[in-house]
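Work through the exercises below with the model open. Try each task before reading its solution.

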Amino acid sequence: MPEPDDAPARARHHEPVLPEGPVRATANVCHAAGCLSLGSDLVFDRLCERVEASGTDDVGVRRVGCLGLCAQGPLVKVPEHDRLYAKVPAEPDELDQLVEQFRSGTGGLVVSEDPFFARQVKVVLRHCGSVDPEEVEDYVAKGGYAALRRAVTEMTPEEVVAEVTESGLRGRGGAGYPTGLKWATVAKSGEGGHKYVVCNADEGDPGAFMDRSVLESCPQQVLEGMAIAAYAVGANEGYVYVRAEYPLTVRRLNSAIRQAERAGLLGTAIADTSFSFHLEVRIGAGAFVCGEETALLASIEGRRGTPRPRPPYPAAAGLFGEPTLINNVETFASISAIIERGGRWYAAIGANKSRGTKVFALAGAVERTGLIEVPMGLSLRQIVFEIGGGVPGGHRCKAVQTGGPSGGCIPEELLDMPVDYESLVSAGSIMGSGGMIVMDETTCMVDVARYFMDFCREESCSRCVPCRAGTVQMHRLLDRICSGLATRADLERLERLAAMVQRASLCGLGQGAPSTVFSTLRYFKDEYLAHIDHRTCPAGVCEMAPFEMAGSGR
Amino acid sequence: MAKPRLATIWLDGCSGCHMSFLDLDERLFDVFARAELVYGPLVDAKEFPEDVDVTLVEGAVSTEDDLRRVREVRAKTKILVSLGDCAVTANVPGMRNPLGPKAILETAYASGVTGASAAPSEWVPALLERVQPVHAVVPVDVYLPGCPPSADVIAEAIDQLLAGQLPDTAHLASFG
Amino acid sequence: MSVVTLVIDGHDVAGQSGQSILSVAREHGIAIPTLCHLDGLSEVGACRLCMVEVRGARRPLAACVTEVQEHMEVTTTTDELTDYRRQIIELLFTERNHVCAVCIANRHCELQDLAKALGMTHFDLPALNPSAGVDASHERFGIDHNRCVLCTRCVRVCAEIEGAHTWDVRGRASEARVITDLGTPWGESPTCTSCGKCVQVCPTGALFEKGRAVAEGKERRPYVPFLVARNRRS
C-alpha cells in the first residue's frame, strides 16, 4: 500500500521531546483530525522548539490521539497535573507562558473535575489522548497487546468467545447484534478452510467521527481486537475497510500494521506461538452503502459495492464465499479491555440489555461538541446538558438525532430516556454507530427529514427499486412540503411510500431511509401541517415558493 | 327525465382517441339515444356549457390554454374522464419534458426549418414548462388509458357512465 | 436434496431443499409477479415485486432468493403486498420515460403487462422525465436508457451464459446505468460478441434490434427458453 501524497510533509515535523529523566510536565498535543485541522501540528512543532530553546529538561512534548473536546482545539493535555488546555495558540510568546503553566500546573481546566469528562467512562477511548498513535512501543508500554498475548498463550479460542459472550457486548456498528454469538457462529462455520476477519471502518453517517477518532488515536487497539477475534474464530487473514475520505486514518493504519508486524504482534508466529494473522487495509471509494456488510465484502472482492440478499450471512458465506467475521471499529476496540479485565467486569457497566460503554460524536447545537464515551443507560439529557454543556445562545433543545440517516429524531420531552438499544428503537430511532446531533428550535424538522432523505437518495446503490426510485419521490414530496406547495394528499402519499420503502427495500440503507420521516411525523407532525395548511415554517427555515402555474391542483 | 349531457375535449393529443370514439360506429346511435352530446370537436358549440354530466378529456396539458380549458371543464362537469394515454400519463406530448419548451421551440421554428427564424410570440398559446397529465392539474374521476383505448373499451366505459356507474377501468384498459 | 413440504396460499405443496419459494410456487401454478427474475439466470432480488409474506418473518421476503423450508407458511397476495407491488410499478414508470405508445416493445413488454395485471390505470407520482441517453453505436442493436428498469438481466445473461461480461452497471442512485466495457460506446466494445442475448432478455424496450418499428419487438420471445435450457445443461 503506497503512502498517500501528504506523507513526505510529515517528515518535516519536529521529533517529540522526551527527556531522559523525571519530568514535571508532559505536553500531550492532540493529533487527531479535529485538532490537526485547527493547526495542532504547528502548535506541536513550536512547543518542541520553545521547550528545547529554553534549555529545560523537565518538560516533555509528545503527540497523542483525540482528547475529546474537539470544538475547542487545538488541545494540549498535561497528565501530571490533570489539566487540559484548550484553543492553544501557536504564538511563541504565548507558548512560553503556557509552558510555565504546564510546569506549575496552573491554568487550563482540571480534567477530573470538569463535567465534560467526569461523566464519561472510557473503555474504547482509554488510550486515546495518552498514547502516541504512530508508535507501537508507546501502546505496548501502556499495556497494549497484553490481552492478545494472554489470549493466544493462556486461553483457548472457545474461552475467548465465552469471555466476549459474557461481556454482553453488542455490535457497535448500529444493529446491536450480540458480538459473542456472532463470533461463536463464525468459529463453528466452515470445515478447516479459510476464514476472514473484517473491520468495518467505512464510517459515513453525517456528523459521525467515532471510528475515525479511534483509528487515528489508537489504531493498535483496533488491530489487537481484530487479532484476538481472528484467534477466537480461527481466521488467519483480515481486512480493515476504510473510506478514502480519511487519508490520515489510512496512513496511521498502514503504519500501525507495519509496526505491529515488526514487533511480532501481527503477521506470522504472533507472540511466538503458531498463531498468525495477516492484515491488509482496503480503501473505499466513497459509497455510503459500502458500510452495509455485504456491499463492503463485495467491494473488498473488487466487485461493485452493492448489498446482496441475506441469507447467507457473512458468518456462513462472506468474503470470497468463506466464513467471515465482520465487526465495526468500536466493537474491536472494546475487545482488549474485555480480555484484560474479564467479560463480567464489562457486563457490570451499562443498563438493561445494553452492556458496556458507547462512543458518541456529539455535534450540532451543543456548547461542547466532541468525542465522548459514556456507560450505556445514561440519559440523553445527561449527555446533552451535563457533558455537552447544553444548548448555546440561549436557545432551547428541540430534539436529538441519533443513528444517522437510518435513525430518528428524539424530542426534548423524551430526553430522560436511557441511551440503550431497545429504548432508542422504541422511541423511533436507533443507536446506530454513534452520531448524535443536537437540534434547537431554529431547526425545521421537515427540513431535517428532507436533508436525510436527500442523503439516502444520493447514496442509494441503485440495485433495488424501492430505495433507488422511492427515495427520489419521497425527497420530492418533502421538498414540496418544505416549499409550501404540498397538500394533505401529498402527506398521505409520503407516508404510504415510506411504509413501502421501509418494508420492501433490499438492505438496511433502504429500509432505514424513511426512518427520519417516521420519527419527525411521530413527534413533529404539527410542523408538517403548518407547512401544508398554513404555508409557514414554524422554525423560520423554509422559504415558501409561489404557487406553480400548473401545480398538483389536488 | 332529461338525457345525460356528454362532452368531449381535445387538449394536446393526436385526436386518435376521438377517432377511436368514432369507431364506435353504429353503437354511436345507442350513445346518442341515451345522451346529448353538448360540446367537443364533433359538435358545433363555441362555449363549454354549464352542467355537463360526463366529459371525456383527450390529450395532455401542454399550454396555458390547455390549463385554462381543463380547469373550466372541471368546474362545469360532474364526472371527468381522462381518455387515453396522453390525458393519463402525458404520453407522447410529455416526451418534450426532458428537453424543456425552449429547446423544442428553437428546433421547431428556428434551427430545424428554412425560412423561419423565431418561435411565434402571439396567436398561439404559450407552452407550459412541463407537459402534465390531466390529474396533475385537476381532479379526475375515471382513468381510461390506452393509445388509443379501443372502441370496445370506450363503449363499455360510456355504457356504465351513462347508467350512472363509475366503470372499473383497471380490468378494461391498459397503457399503450 | 431432500423434499420439503410447505404451505403456499393455503395449498400444501412440496419442493426440494435449496429451491426458492418462487420456483416452487410456479411449479404449482401459483403466480407471483417478477421483473428482474429470469429462469436460467442468477437471482439478484432487486425488483422486489416477488415479495411474499412468510409466517414468522419480520418483513416480506423476496420469493426469488428465499429458500423453502419445512413447514413454511407463505402468502403471496395480501392487500399490503399488492399495494407495494403497485407502488413499485408506479416508481418504475415515473423514474424514466416509458412511453408505451411509441415503444418497440409495446404489447410485448413485461413492465406494461405487470401494470395491467396489477390494475394500474394511472400514476399519482410525478414523472421525473430524465434525459437518460441512448447508445445507438452498435451496428445491429441499440439501448435506450430511458426505458431501462435496471433489472440487470442483460448483465447477467452476458456474463453467465455468453461468458463475455460486456455489460455491467455504473454509477449509483438515479445516475446508475447499464454500460458496455466500462463505459465505452457499445459499437466500440471489443468484448461484445454481438450475440444479441441481452436484447432477447430485456423485459422492456430498452435493448432493441435496429430496424424494428413500434411494437415489433415481439420475435425475440422464443429465444428465451433456449437460453434457459442452455444454462440448465451447464
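**Exercise 1. A strand in chain B**

Task: For β1(B), state which residues are buried on one side and which on the other.

Solution.
- This is a predicted model. Start with the side chains on one side: B:Arg5, B:Ala7 and B:Ile9 are buried there.
- Turn to the other side. B:Leu6, B:Thr8 and B:Trp10 are buried too, so both faces of the strand are covered.
- Check the count. β1 of chain B runs over residues 5-10, and 6 of its 6 residues are buried.
- Now find the paired strands. β1(B) pairs with β2 (residues 36-39) of chain B in the parallel sense, over 3 bridges.
- β1(B) also pairs with β3 (residues 52-58) of chain B, again parallel, over 5 bridges.
- Take one residue as a marker. B:Leu6 has B:Leu37 as its bridge partner in β2(B), and B:Val54 as its bridge partner in β3(B).

**Exercise 2. The sheet in chain A**

Task: Give the strand order of the open sheet of 4 strands in chain A, and say which helices lie across β6, β7, β8 and β9.

Solution.
- Read the order across the sheet: β8-β7-β6-β9 of chain A, with parallel pairing.
- Look at the edges. β8 (278-284) and β9 (324-328) of chain A each have a single partner strand, so one side of each has no neighbour in the sheet.
- Add the twist. From one strand to the next it averages 20°.
- Zoom in on one pair. β6 (residues 196-201) of chain A and β9(A) are parallel and joined over 5 bridges. A:Val197 stands opposite A:Leu325 of β9(A).
- Now place the helices. α11 (residues 219-233) of chain A lies across β6, β7, β8 and β9, at about 150° to β6(A).
- α13 (residues 293-300) of chain A lies across these strands as well, running at about 105° to β7(A).

**Exercise 3. Two helices, each with a buried side**

Task: Explain why the buried residues of α8(A) line one face of the helix, then examine α9(A) in turn.

Solution.
- List the buried residues of α8 (residues 157-167) of chain A: A:Val160, A:Val161, A:Glu163, A:Val164 and A:Ser167.
- Look down the axis. These residues fall within an arc of 160°, so they line one face of α8(A).
- Recall the general rule: an α-helix has 3.6 residues a turn, so residues three or four places apart point the same way.
- Identify the cover. The elements over the buried residues of α8(A) include α7 (146-154), α9 (179-188), α11 and α14 (329-341) of chain A.
- Follow the chain out of the helix. Just after α8(A), A:Gly168 has a positive phi of about 75°.
- Move to α9(A). Its buried residues are A:Thr179, A:Gly180, A:Lys182, A:Trp183, A:Val186 and A:Ala187.
- They span an arc of only 160° around the axis, which puts them on the same side of α9(A).
- Their packing partners are α8, α11, β9 and α14 of chain A.
- Just after α9(A), A:Gly190 takes a positive phi of about 75°.

**Exercise 4. Where chain A touches chain C**

Task: Find which helix of chain A supplies the largest share of the side that touches chain C, and give the residue classes of that side.

Solution.
- Count both sides. 24 residues of chain A are in contact with 25 residues of chain C.
- Name the contributors. α18 (445-459), α19 (465-482) and α20 (488-504) of chain A each supply at least two residues of chain A's side.
- Rank them. α19(A) gives the largest share, 8 residues.
- Sort by class. Chain A's side has 12 nonpolar, 4 polar and 8 charged residues.

**Exercise 5. One leucine in α20(A)**

Task: Is A:Leu494 buried or exposed, and which residues is A:Leu494 in contact with beyond its neighbours in sequence?

Solution.
- Locate the residue. A:Leu494 lies in helix α20 of chain A.
- Apply the cut-off: a residue is buried if 20 or more other C-beta atoms lie within 10 Å of its own.
- A:Leu494 has 24 such atoms within 10 Å, so A:Leu494 is buried.
- Set aside neighbours within four places in sequence. A:Leu494 is then in contact with A:Met474, A:Leu477 and A:Val517.

**Exercise 6. Domains of chain C**

Task: How far apart are the C-alpha centres of the domains of chain C, and how many residues are in contact?

Solution.
- Set the bounds: domain 1 (3-77) and domain 2 (99-233) of chain C.
- Their C-alpha centres lie 26 Å apart.
- 11 residues of domain 1 of chain C are in contact with 16 residues of domain 2 of chain C.
- Domain 1's side has 8 nonpolar, 2 polar and 1 charged residues.

Terms used
Residues numbered from 1 in each chain as written. Chains lettered and ligands numbered in written order. Predicted model: local features only at pLDDT ≥ 70, side-chain atom pairs only at ≥ 80, totals over all residues. Contact = placed C-beta atoms within 7 Å. Nonpolar A, V, L, I, M, F, W, Y, C, P; charged D, E, K, R; others polar. Pairing = 2+ DSSP bridges. Axes fitted to C-alpha atoms, helices over the stretch in contact; angles between N-to-C directions. Buried ≥ 20, exposed ≤ 12 C-beta atoms within 10 Å, placed from the backbone. Arc of directions from axis to C-beta. Domains from an automatic or database assignment.
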